[in-house]
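Thanks for sharing this one with me. Here are a few notes to read alongside the coordinates, in no strict order of priority.

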Amino acid sequence: MPRLSIVVPVFKVQGYLRECLDSILRQSFTDLEVIAVDDCSPDGSGRILDEYAARDGRVTVLHLPENVGLGRARNAGVERATGDYLLFLDSDDSYLDGALEAIARRLDACGDPDVLVFDHVRSFWWNVVRPSQFGEVLAAVGDRTASVFEEPALLELFAVAWNKAYRRAFYRAGGLAFLPGLYEDAPLAYEAMITAERVGCLDRACVDYRQRYQGAITRSPGRKHFDIFPQYASLFAFLDERPHLDPLRPVIFERMINHFVFCLGRPDRVRPVDRREYFGVAAAFHRRYRPQDYHPPAGRSGLAHRAVASGRFPLFASVDAAREMHRRGTSGVRLSRRTAGKVAYRALYRMQRRLPLDEHLAVYSAYWDRGMRCNPAAIEAKVRELAPHVRSVWVVRREAVESLPPGVDYVLPRSVRYWQVIARATYLVNNVNFPDYVVKREGQVHLQTHHGTPLKRMGLDQQPFPAAAAGMSFRRLLHRAGRWDYSISANPHSTEMWDRVYPCPYEHLETGYPRNDVFSTATYDDVLAIRERLGVPRDRVALLYAPTMRDYRKSFVPELDLVRIAQELGDGYVLMVRTHYFYGQDPRLEELERQGLLLDVSAHDSVEELCLASDGLITDYSSVMFDYANLDRPILTYAPDWEAYQAARGVYFDLLSGRPGETPGTVARTEGELIAALTSGAWRGEDAARLRAAFRERFCPWDDGRAAERVVRRVFLGQDADALPPVVPVAARRPPRAVHHDDASSAGRPAAPVV
């Protein structure tokens, strides 16, 4: 029998779930079991739970056949628990290091109390952590135990499920259980505290209570917040059956009214349209449950409480408005000063937004208006095929106009026509974000395609890394993400990360990346034609070197001696070098190309064509590796500054670990190792092929050549997800073979793909 049973209810938290589970399973205290309850979650949470259960025998997963809600999911977990103590952890929260060791020690020191209450911190989405306000109350009790009759201040502690350890025998004997609906933990927390004869306290912060930008159920406005009333009604029914608890009624009553007032003052809970009705129910509860001789709190802090007692909503509204004005101060004045200078040139845009939307117009942009590229280009091509009634306009900066194919309709950023099409297009498609000043109109559809699979930290996860976060406003970033209707995902890993770092209410399109369709649809003859256009001889092994950018560098600095590499490889190879688009072309590469040592392909519009033309990829931490894996060609990771990159940018997994699914092939940390891997043939040997296969299985599950079609049918034609083309399994795909394909994995492959 384990000492601790930790019940984790799970619903739509795939972006946070791994952090939650890791925070439990990596604790120094190991005498525990985890009962994870999948409450019929529609996202990838159930799959993640099964992964953890397969790796760690302490994890038990319950997959509920239907969604029952947070409280009843916890109840289901309790039924399977076998530990001495029950703990509840919400699946978007986590335990701090050493928390369970501290809890176990305090349980021992207190002689196994009925309930142990411990402290927490609040972790805000803008990367701020604040202590709770309950530390002094917890510290005052020390390592002794007391009942709430002896220490009434214990009833002032946070009435939630996850800041307590309940002795399981006490919990079951008292018939404790969560009720359906929201605010389910308040009555149970009070019932446990008032019936416990021995309550222990731990003034150490044990839980990181995440304050999400969006998505937390208690901070999502709607009628469900009226659930608070039956929850408190059940608590007072509990008190009615136990007259000996009557002395506690005034404290619990005041806590209840304070809870109502708190929710009324939060527009992310009670909607303005519901406030008067909510207030009326709260006032009725005040009349019904008010103890005799009870008096509302005095002073300013009791104004809202007294308004509820009087039943006068206008009085409460005036008190609440005054409090809100005090909180906001002069921020509105500062905002108007910041924006006043931009009013004039946006007048045209405002006028255009008054006109009807054009249901047959789509506006595209890629890489901050750098041209017709990436996922938006693949989607636009498929729209022309499947939805020819939709016209396309590209936003392109002036210097990129020459790169456009003939006949492409385009506008320059902030030109007169730009404001017209941005205001009136029904579809807005981008692989980054449209500028902050773009207003999301009713009826407009924003499609975020992204442009890579995240190895490095993205979105909100960049905040702890100064090099990545320099000059970025994360509040504005979330404003931009809040405009998205759809977000394309290339793999389950990306879906989890987008959920976590862009926490806004869009629909995930788990379709694969449209730009990668060509890796399944191209033929061997297409590969030869691309090589001919690039000037790559058929008899030479073509290696694409495509390093990523460094946030702490303003220009391209090669991490290896390109001259030495070219000379060591000899005449049988051609080294194609592609700098990151942030850096542009480099005069040193142009000179090396003139000397015949390499091929500078930095200006080539299509990375996909470069991948098809090459026989292998050399990269560091670039997301091109995830796309290239679709080709099932060798990938060599050259990572001389891995530690510096991790420290400056942060990463989601250890690319160099050598574990299947994390490392895509051979790894080199020095130039010597790189040259040895290339000249010995290890870069395309059997070990590298096995790693590549696992990497491809994890990160290319949906890239089967029909991703663009799935996107267009869902977004532009309105077809349900169930009606989209099924995904061809990875093992059944046949990408075009490389020109030089004598590695273990591609031997014997047919010259043309089976599509």
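Before the points, a word on terms: helices (H or I, at least four residues) and strands (E, at least two) are DSSP runs, numbered from the N terminus. Please also keep in mind that this is a predicted model.

1. Let's begin with backbone angles. Cys40 sits in the loop between β2 (32-38) and α2 (45-55). Its phi is near 55 degrees, a positive value in a residue other than glycine. With a relative accessible area of 34%, Cys40 is partly exposed.

2. A second residue belongs in this discussion. Asp293 also has a positive phi, near 60 degrees, and is not a glycine. The loop that holds Asp293 runs between α10 (275-289) and α11 (303-310). Asp293 counts as exposed, because its relative accessibility is 71% and the cut-off for exposed is over 50%.

3. Helix α21 (residues 524-534) is a nice one to look at down its axis. Its buried residues are Tyr524, Val527, Leu528, Ile530, Arg531 and Leu534. They fall within an arc of 160 degrees, so they line one face of the helix. As a reminder, an α-helix has 3.6 residues a turn, so residues three or four places apart point the same way. Asp525, Glu532 and Arg533 are exposed on the other side of α21.

4. What do the buried residues of α21 pack against? Their partners are the strands β17 (541-545), β18 (573-577) and β19 (599-600), together with helix α24 (607-613). After α21 comes Gly535, with a positive phi near 85 degrees.

5. Now to the nonpolar interior. The largest nonpolar core has 107 residues, and Leu87, Leu100, Ile103 and Phe260 touch the most other members. Helix α9 (residues 249-264) gives the most to this core, with 8 residues. Another core, of 83 residues, lies apart from it; Ala362, Met497, Tyr513 and Leu612 are among its members.

6. Phe260 is worth selecting in your viewer. Setting aside residues up to four places away in sequence, Phe260 touches Ile228, Phe229, Tyr232, Tyr278, Ala282 and Phe285.

7. Finally, a polar contact to check. His508 is part of strand β16 (residues 507-510). Its side chain makes a polar contact with the side chain of Asp499, at 2.7 Å. Beyond neighbours within four places in sequence, the residues in contact with His508 are Gln14, Ser487, Thr495, Trp498 and Asp499.

Conventions:
Residues are numbered from 1 along each chain as its sequence is written. This is a predicted model: local features need pLDDT of at least 70, side-chain atom pairs count only at pLDDT 80 or more; totals for chains, interfaces and linings use all residues. Side-chain values use heavy atoms; hydrogens and water are left out. Buried means under 20% relative accessible area, exposed over 50%, partly exposed in between (1.4 Å probe, protein chains only). The arc is that of the directions from the helix axis to the C-beta atoms. Contact means heavy atoms within 4.5 Å. A nonpolar core is a set of buried Ala, Val, Leu, Ile, Met, Phe, Trp, Tyr and Cys residues joined through side-chain atoms within 4.5 Å. A polar contact is a pair of N or O atoms within 3.5 Å; within protein, one must be able to donate a hydrogen and the other to accept it, and residues adjacent in sequence count only if both atoms are side-chain atoms.
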